[in-house]
Amino acid sequence: MKESTISLNLRKQVDDCRPYIAGETEASVLKKYGLDKVVKLGSNENPFGPYENAKRAMKESLKVINRYPEDDYVELTEVLAKVNNLDVTNVALGSGAGNVIETVARLLIDEGDEVLVAKPTYRLYREVSILMGAVIKNVPVKSDFTYDFEAMKENISDKTKLIWLCNPNNPTGVINDRREIERFIESVGDDVWIVLDEAYADFINEGQRPEIVEFLKNKKLIVIRTFSKFYGMAGARVGYIMAQAPVISAFDTITEPFCVNRTGLFAAKAALLEDQAQAYRVKEFILNERERMSRALNERGFTVIPSSSNFIFAKLPDGFYSAEICEQLMAKGVIIRECDAWDYPEYVRITVGKKEENDFLLSKLDEVI
Ligand SMILES: Cc1ncc(COP(=O)(O)O)c(C=O)c1O
């Protein structure tokens, strides 16, 4: 099609946004390289989900899929409130954590507000904030990849509106000491919002997870969760926030109506009520595989950053570069994530998959390194 000369007149912030780089799909890699097998370890998905009862509930949902979901998603909201020891007025849903993050940005950010983000972290925070006209202040993580909370505090000015936190952080998988997070939340003044993304928090070891629900009562805090990772439902698109009731009410006012689909709603409820045992068995398996893979990568000259999630961030052996290695692996049927976009060209991010998938990755790594 010939390009039109009409001025598009898009919002001026659009020019400053960078596209979200999604991981390659199996189908695209199969086709591109003419392969008969592809292992996808690039998007931090959980290959074991959805679990039995969630699957059964998904089938059940088809009977009513001709109808819009209830707009207040009451059944799932009630269950989420109960398991998190909150009231239903403290929970709102969205179409995955990504959608929820975008709605939170629309809810909080005015043009010219300053927003703090760690560097590196999940890139969507930057994009949605910029789109709302925010000024981004990057706060580099420390040498052990934990957050530099002192530097964050020093960067708070009278223009700061919001601080995005991600625990465990993406792409590193690193967690912060729970007491340090709690002290930070406590210390930040009442003019500043903290949004804590806990997309991977269910993978944190027992006892290391911050106790945040108490803070929701008296701090400007929003906590984000998703069913994409721990419950293995990335394609079902269900995420949620927990916050004070007036925040939830405002969030529900501005979010897209019916954006959570019935299949996801049915499955998420069943996962919470009936699939816990299976989810925790899988967690144990993933954590064991993560340790096995970390050792195997160490043996191959990688420097593995200790992870508290279902993925591994690792520095390649000297002389190797992320983009090249990822491309070579992809041609051999393994998708992992290159880290140039985070300014870590010597690092890769690898999702922990099934045992045979992880072994396939190791065998292909041995061919390229
Ligand atoms: C830290 C973090 N937050 C949010 C998301 C979005 O998850 P969802 O699938 O729920 O949109 C991701 C996805 O990878 C993520 O890594």
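Me: Hi! Before we start, when is a residue near a molecule?
Reply: A residue is near a molecule or strand if its C-beta atom, placed from the backbone, lies within 6 Å of it. This is a predicted model, in which local features need pLDDT of at least 70 and side-chain atom pairs count only at pLDDT 80 or more, while totals for chains, interfaces and linings use all residues. Residues are numbered from 1 along each chain as its sequence is written.

Me: Great. How many residues surround the ligand, and which are the closest?
Reply: There are 13 residues around the ligand, and the closest are Gly96, Ala97, Gly98, Thr226 and Ser228.

Me: Which element gives the largest share of that shell?
Reply: Helix 4 (residues 96-108) does, with 3 residues. Helices (H or I, at least four residues) and strands (E, at least two) are DSSP runs, numbered from the N terminus.

Me: And what is the shell like by class?
Reply: The shell around the ligand has 5 nonpolar, 7 polar and 1 charged residues. Here Ala, Val, Leu, Ile, Met, Phe, Trp, Tyr, Cys and Pro count as nonpolar, Asp, Glu, Lys and Arg as charged, and the others, Gly among them, as polar.

Me: Thr226 was on your list. Which strand has it on one of its faces?
Reply: That is strand 7, where Ile222, Ile224 and Thr226 are on one side and Leu221, Val223 and Arg225 on the other, all of them buried. A residue is buried if 20 or more other C-beta atoms lie within 10 Å of its own, exposed if 12 or fewer, and partly exposed in between, with C-beta atoms placed from the backbone. In strand 7 (residues 221-226), 6 of the 6 residues are buried.

Me: Why two faces?
Reply: In a regular strand the side chains alternate between the two faces of the sheet.

Me: Is strand 7 parallel or antiparallel to strand 6?
Reply: Strand 6 (residues 193-197) and strand 7 are parallel, with 4 bridges between them. Two strands pair if DSSP finds at least two bridges between them. Ile194, for instance, has Leu221 of strand 7 as its bridge partner.

Me: What do strand 6, helix 8 and strand 7 make together?
Reply: Along with helix 8 (residues 213-218), the two strands make a right-handed β-α-β unit. A crossover is right-handed if, with the strands pointing away from the viewer, the path from the first strand over the helix to the second runs clockwise.

Me: And how does strand 7 run relative to strand 8?
Reply: Strand 7 and strand 8 (residues 239-242) run antiparallel and are joined by 4 bridges. Val223 has Met242 in strand 8 as its bridge partner. The loop between strand 7 and strand 8 holds Arg237.

Me: What is phi of Arg237?
Reply: Phi of Arg237 is near 60 degrees, a positive value in a residue other than glycine. Most residues other than glycine have a negative phi, and most peptide bonds are trans. Arg237 is buried, because 21 other C-beta atoms lie within 10 Å.

Me: Changing topic: how is the chain divided into domains?
Reply: There is domain 1 (12-49 + 275-366) and domain 2 (52-274), with bounds that come from an automatic or database domain assignment. Their C-alpha centres lie 24 Å apart.

Me: How many residues are in contact between them?
Reply: 28 residues of domain 1 are in contact with 32 residues of domain 2. Contact here is when the C-beta atoms of two residues, placed from the backbone, lie within 7 Å. On the side of domain 1 that touches domain 2, helix 11 (276-299) and strand 10 (311-315) each supply at least two residues. By class, that side of domain 1 has 12 nonpolar, 9 polar and 7 charged residues.

Me: What sheet is strand 10 part of?
Reply: Strand 10 belongs to an open sheet of 4 strands in the order 9-10-13-12, with antiparallel pairing. Strand 9 (303-305) and strand 12 (337-338) each have a single partner strand, so one side of each is left without a neighbour in the sheet.

Me: Last one: which peptide bonds are cis?
Reply: One is the bond from Asn167 to Pro168, with omega near -5 degrees. Another joins Asn170 and Pro171, where omega is about 20 degrees. Pro168 is in the loop between strand 5 and helix 7, and Pro171 is found in the loop between strand 5 and helix 7 too.
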